[in-house]
Amino acid sequence: MKFGTKAIHAGLAPDPSTGAIMTPIFQTSTYVQESPGVNKGFGYARGKNPTRVALEKNIAALENGKHAICFSSGMGATDAVIKMLRPGDEVITGDDLYGGSYRMFTKIFEPYGIKFHFINMHDVNNISKYVNEKTKLVWIETPTNPTMQIVDIEACSKIAKQHKLLLAVDNTFASPYLQNPLDFGADIVMHSVTKYLGGHSDVVMGALIMNDDKLHEQLYFILNSCGANPGPMDCFLVLRGIKTLHLRMERHCYNGQKIAEFLKTHPRIEKIYWPGFEDHPNHHIAKKQMRGFGGMISIVLKDASLEETFRIASSFNVFSLAESLGGVESLINHPVTMTHASIPKPERERVGVVDNLLRLSVGVEDVDDLIEDLKQALA
Ligand SMILES: *Cc1c(COP(=O)(O)O)cnc(C)c1O
């Protein structure tokens, strides 16, 4: 099955009791048993819910994976992966991460005795320099948030396998429409389903996708034990959102390219980050592992103070100033005060997250209106 067909049909069947074409919202916390331990495969809804099972099958198919597990948020999914580790274990990860991942790694898990190395992943051969007998996991994001750095998933996976490390990839920015990390040898794919998969800014959810049965069993045990499970109504909303994922992504990519090209030569722009440009770092790797370049663009305003950056960020009519990304509506975000506020200034500036950086999540509106809006805001 090809992507658009999978988005609409994979894992789904009409409800056997009524023929309802849409997956019902099984709003229940428990299931009646015929006699103790004899049930229809569902015992208690933290562990399993039919609406969630349908969504998990669907998401697994989109990532070309055997299993998926949904969580109540992207951070809930990341948390489960790190909980597989033990005190003393070490993780190698990128120095340009989603701010919330950085905060969880440093503020929650470092005090539990897990060590994180935040390294430059532009050249993945850097990884080997940090591997020792305690290293267990490589955690990458590509494209990165917000500077769109591209990490070579296949090369990373070769290094991880050579040292018997797990490789997890945060695939939120690309979405499964543009990139499937399992196909390049990753062990675990993580999504903030809140973003492109949900697509309508009405749900917070996360997911992990994997092929290995043991890994699935281990991560499912953590979900069921720790309880970061999503509710059935949210699962329904995401199932509904995914039905148009391929259509939305086509338009995100189209609008993204038009806007990136418009901004590239704009006199108010000092620097633009979009992986579709030939001069973008590791563009050739983006071309190899992605099927398109998406609608996430970051810009550095020329000679703009923090006040001027704030003024511009607040002067849009169609773009809304908000955190998050990947929804149908276009958003503008100021990483330094919003998504990346938890990263210390010297660390974020080293990777280019400066005061006059703005991040655009280009939506699926008419691109002419978006360009008009950018013109007036940057005038
Ligand atoms: C939003 C986001 C997360 C966190 O997901 P939540 O659903 O907000 O918990 C993780 N990684 C990336 C790249 C994100 O954009």
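Of the 379 residues of this protein, 56% count as buried. The model is a predicted one.

**Overall build**

The chain folds into 14 helices and 12 strands. Its radius of gyration is 21 Å. A compact globule of 379 residues would have a value near 21 Å, so the protein agrees with that expectation. The C-alpha trace spans about 70 × 50 × 35 Å along the principal axes.

Many contacts link distant parts of the sequence. Taking contacts between residues at least 6 apart in sequence, 73% join residues at least 24 apart.

The protein exposes about 16,200 Å². Carbon and sulfur atoms supply 54% of that area. The protein carries 39 positive and 42 negative charges. The mean positions of these two sets are 5 Å apart.

**Two domains**

The protein is divided into domain 1, residues 3-242, and domain 2, residues 245-378. Their centres, taken over C-alpha atoms, are separated by 25 Å. How many residues of each domain take part in the contact between them? Domain 1 contributes 44 residues, and these are in contact with 45 residues of domain 2.

**The loop between E4 and H6**

Strand E4 covers residues 135-141, and helix H6 covers residues 153-162. The loop between them holds Pro143. Pro146 lies in this loop too, and so does Met148.

Both prolines follow a cis peptide bond. One such bond joins Thr142 and Pro143. The other runs from Asn145 to Pro146. The omega values are set out below.

| Cis peptide bond | Omega |
|---|---|
| Thr142 to Pro143 | about -5° |
| Asn145 to Pro146 | near 5° |

Met148 adds another backbone feature to the loop. Its phi is near 60°, a positive value in a residue other than glycine. Is Met148 buried or exposed? Its relative accessibility is 1%; buried means under 20%, so Met148 counts as buried.

**Ser175 in helix H7**

A positive phi also occurs at Ser175, where the angle is near 70°. Ser175 is likewise a residue other than glycine. Where does Ser175 sit? Its place is in helix H7, which comprises residues 175-178. The relative accessible area of Ser175 is 1%, so this residue is buried.

**In brief**

The protein has two assigned domains, with 44 residues of domain 1 in contact with 45 residues of domain 2. The loop between E4 and H6 includes Pro143 and Pro146, each at a cis peptide bond. Met148, with phi near 60°, is in that loop. Ser175, with phi near 70°, is in helix H7.

Technical notes: Residues numbered from 1 in each chain as written. Predicted model: local features only at pLDDT ≥ 70, side-chain atom pairs only at ≥ 80, totals over all residues. Heavy atoms only, no water. Helix = DSSP H or I, 4+ residues; strand = E, 2+ residues; numbered from the N terminus. Rg over C-alpha atoms; globule rule 2.2 N^0.38 Å. Buried < 20%, exposed > 50% of the residue type's maximum accessible area, 1.4 Å probe, protein only. Contact = heavy atoms within 4.5 Å. Areas by Shrake-Rupley, 256 points an atom, 1.4 Å probe, with all protein chains shown as cover. Lys, Arg positive; Asp, Glu negative; His and termini not counted. Charge placed at Lys NZ, Arg CZ, Asp CG, Glu CD. Domains from an automatic or database assignment.
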